[in-house]
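Q: Please take a close look at one part of this structure and describe it for a reader who has not met it before. A connected account, moving outward from a single residue to its surroundings, would be welcome.

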Amino acid sequence: MKQCKSCMKEIDNNATKCPYCQGYQQWFKNPQYLGFLFVIPFIAFMIWQTNMFKSKNFTDFKNNFKVDEVRIVQSDNNKYDIITYLISNDTDIKWNRINYEVIGYDESDKLVLTNSESEWKFIIQPHSQAYLSAKVERNKNVKKWKMKITDLETSRF
Ligand SMILES: [Zn+2]
């Protein structure tokens, strides 16, 4: 003999359903829970279908981003320039973890040097703008800096 899990009355050891209260002794024998088991894959599919869990490829969206140089701040020690960029996101997606290049050109537009940087804390919301500050080493040959986003990631959560 064992005790019913619902009404605590003594019932047969092999009983899957209590003869007194009709309570199921194993949750998976309960048709209510069984129905729920069939719903789980459906819910999982619905979640998978939403953008939330889909990782997007930045290269498919790179034309939806605009980069504007806002200002260059020369740092105190004369070694670095801090360049602030305003990035515009014209997509329906929230992006983060930016990888970018700051490319220096001389007076005849010849490439002098390239700095590859990443900013893990960078976040840009859908259809909005965000500032990014890039720190570049001063170089007397560089007359102009240009910033290029090389990668952004989509948020999974
Ligand atoms: Zn019972």
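A: I123 touches N96 and A130, when residues up to four places away in sequence are not counted; a contact here requires the C-beta atoms of two residues, placed from the backbone, to lie within 7 Å. The model is a predicted one, in which local features need pLDDT of at least 70 and side-chain atom pairs count only at pLDDT 80 or more, while totals for chains, interfaces and linings use all residues. Residue numbers start from 1 along each chain as its sequence is written.

I123 belongs to strand β6, residues 111-124. Strands are DSSP runs of E with at least two residues, helices are runs of H or I with at least four, and both are numbered from the N terminus. Because 13 C-beta neighbours lie inside 10 Å, I123 counts as partly exposed. On this scale a residue is buried if 20 or more other C-beta atoms lie within 10 Å of its own, exposed if 12 or fewer do, and partly exposed in between, with C-beta atoms placed from the backbone. Another residue to compare with I123 is W95: the two are 28 residues apart in sequence, yet their C-alpha atoms are 5.8 Å apart in space.

The strand that holds I123 is part of an open sheet of three strands, ordered β6-β5-β8 and paired antiparallel. Its edge strands are β6 and β8 (144-154), each of which pairs on one side only. Two strands pair if DSSP finds at least two bridges between them. Neighbouring strands of this sheet are turned by 20° against each other on average, direction ignored; the axes are lines fitted to C-alpha atoms, for helices over the stretch in contact, and angles run from 0 to 180 degrees between N-to-C directions. Strand β5 (residues 95-105) is joined to β6 by ten bridges, and the two run antiparallel. Among the bridge partners in β6, L111 is matched with Y105, and L113 with G104.

The hairpin of β5 and β6 has five residues between the strands. D109 is found in this loop. Its phi is positive, about 60°, although D109 is not a glycine. Most residues other than glycine have a negative phi, and most peptide bonds are trans. With 9 C-beta neighbours inside 10 Å, D109 counts as exposed.

At the loop between β6 and β7 one finds H127. Phi of H127 is near 50°, again a positive value in a residue other than glycine. H127 has 12 C-beta neighbours inside 10 Å and therefore counts as exposed. Leaving aside neighbours within four places in sequence, H127 is in contact with N89 and D90.

The strand β7 leads to a second sheet. Three strands form this open sheet, in the order β3-β4-β7, and the pairing is antiparallel. The edge strands are β3 (65-74) and β7 (128-137), each pairing on one side only. Neighbouring strands in this sheet are turned by 25° against each other on average, direction ignored. Nine bridges pair β3 with strand β4 (residues 80-89) in the antiparallel sense, and the bridge partner of Q74 in β4 is D81.

A wider view begins with the domains. The domain assignment of the protein chain gives domain 1 (2-49) and domain 2 (58-154); such bounds come from an automatic or database domain assignment. The C-alpha centres of domain 1 and domain 2 lie 57 Å apart. Across the chain, the C-alpha atoms of H127 and Q26 are separated by 51 Å, with their positions 101 residues apart in sequence.

Helix α1 covers residues 31-49, and its 19 residues should span 27 Å at 1.5 Å a residue; the end C-alpha atoms are 28 Å apart, which agrees. The expected span is 1.5 Å times one less than the number of residues. The number of buried residues in α1 is zero, so the helix lies largely in the open. A bend of about 25° occurs at V39, and a proline, P41, follows within four residues. The bend is the angle between axes fitted to the seven residues ending at a residue and the seven starting there.
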